[in-house]
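Please open the model in your viewer and keep the sequence panel beside it. We will go from the whole chain to a few chosen side chains, one selection at a time.

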Amino acid sequence: MELEPKRKQKLISQLNKISFVGLEGIKVGDVLSTALWHVSKWTKESVRNIGLCMTESFSIKKRGENPECAFLYSHSHLSRKDHLTQFQAVESLFQNKVVITASENRTARPKWNPYILLLPIWRMQMKHLACPDYIKNGLCRRLCRSAAYAEEMFQIIKRYPSVRKLIFFFDVLEIDSILVQKCNQKSYTTYTLEHGIVNGTYDYIDYKCSNARYLLLWGEYSKQTAVQCGIAENRIILVGNINTLVKSTSPIYVDKKHIQISRFIVCLAIVLTKKDWQKNKSLIEIADFLADKYNATYILKVHPSDKVTNYTSCVNPNYCKKTYDNRTRLNELFEDVDFLLCGNSTTFGDAVYCGIPAFRYIRDEDVDGDVCKGISWGKADSRQGMDALLKNMQNDPDAYMEQLRKVRRFLYGEDNPKERYYSAITENV
């Protein structure tokens, strides 16, 4: 089932108005916002397979006496090792702390989930929603599992009465959303981190459904996007790019001195619908066109949630010399390419941060869904337009690189953000 953005936003609003038994005071629409943006992939069978019992566990470490801060990394993020690295880079800045990190324990016996008893009641509370029954069942099951994990994490927090500040990796996903809202009710001060360049469509979930007291954002671009979403400026603190804190994978600022076109990287966007896959296929066709015209080759990087094998039939081995999946970090590839070509992807911002020329393929019909909306530089809607951008870069490389550095400052602010992350948490209550 496809849900248009306006319909999804309406369902979020309707769910927020329901006081779910056992979750009083929690805006369940915000909790389920990410689920609603992915229901196009749901089927009746996949909904039945959504687990209800808990099997994973937590790693807990305490440093110092009477720690004031607790850092929380929930099971919502288990599949993203790159996110865990970012989270650990932030918490490592603090000495006195509690760190609660989700972990997998495949041999553990499933734990009983008490929220299972509330499923029939929740299902009745959702009966007036204008969506199929299997979607309602799926939302209830997702809510049930997430509520159990959130409650378990909340009970861990309560073991440390000195803790009054809670730092979440990203508070829009289900477990984190429930826990942030619950902790807000108990007068904890909550913070959430920005893990990547935020979607700039102004109709996205990242900001509208965030409930943390403070949003620790990268730069002016993120701030403007958050304000457009209705976030009060006094909730926003600019701290810089989180990736600069990651010692082993800190982005290398290449800052190209000589512009050439011989080898480039193509980064595909996330695939949520068949249209998304078709856009990725079109991007590969543009890459082939450019490679043929400039006697160049390229490497292909798929989105972390996608599979390389989905594009086996699309790539031309004469032009595409290698493909990479989520096991390869993007910044590791930048030193060996001349520029980046992407679709509707935040990898554009990753390249700009490293000083790599970057270009985006955004069709006119997709402008409203542009994740970097508000940045027209480096954007084209056709192969001819992309070719023109490359020619302009070649004709005046100094002007191009100056504009790149300007966009970089807009997206990321200043470098060396360690002190800003530390002070944002210690000085704001």
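The tour begins with the overall fold of this predicted model and then turns to its cysteines.

Begin by showing the whole protein as a cartoon, in which you can follow 16 helices and 13 strands. The radius of gyration is 22 Å, close to the 22 Å that the globule rule gives for 429 residues, so the protein is as compact as a globular protein of that length. If you switch to C-alpha atoms alone and turn the view along the principal axes, they fill a box of roughly 65 × 50 × 45 Å.

Next, display the contacts with a separation of 6 or more, of which 72% join residues 24 or more positions apart. Then add the surface, where the protein exposes about 19400 Å², with 47% of that area supplied by carbon and sulfur atoms, while 53% of the 429 residues count as buried.

Now colour the charged side chains, 61 of them positive and 48 negative, and note that the centres of the two sets lie 6 Å apart.

Finally, select the cysteines. How many disulfides are there? The count comes to zero, since a disulfide needs two cysteine sulfur atoms within 2.5 Å. Select Cys69 together with Cys183, which holds the closest cysteine sulfur to that of Cys69: the two sulfurs are 13 Å apart, so they are too far from each other for a bond. Cys69 is buried, with a relative accessible area of 5%. Move on to Cys342, which is in no disulfide either, the nearest cysteine sulfur being that of Cys267, 6.7 Å away. Cys342 also counts as buried, at 0% relative accessibility.

Key: Residues numbered from 1 in each chain as written. Predicted model: local features only at pLDDT ≥ 70, side-chain atom pairs only at ≥ 80, totals over all residues. Heavy atoms only, no water. Helix = DSSP H or I, 4+ residues; strand = E, 2+ residues; numbered from the N terminus. Rg over C-alpha atoms; globule rule 2.2 N^0.38 Å. Buried < 20%, exposed > 50% of the residue type's maximum accessible area, 1.4 Å probe, protein only. Contact = heavy atoms within 4.5 Å. Areas by Shrake-Rupley, 256 points an atom, 1.4 Å probe, with all protein chains shown as cover. Lys, Arg positive; Asp, Glu negative; His and termini not counted. Charge placed at Lys NZ, Arg CZ, Asp CG, Glu CD.
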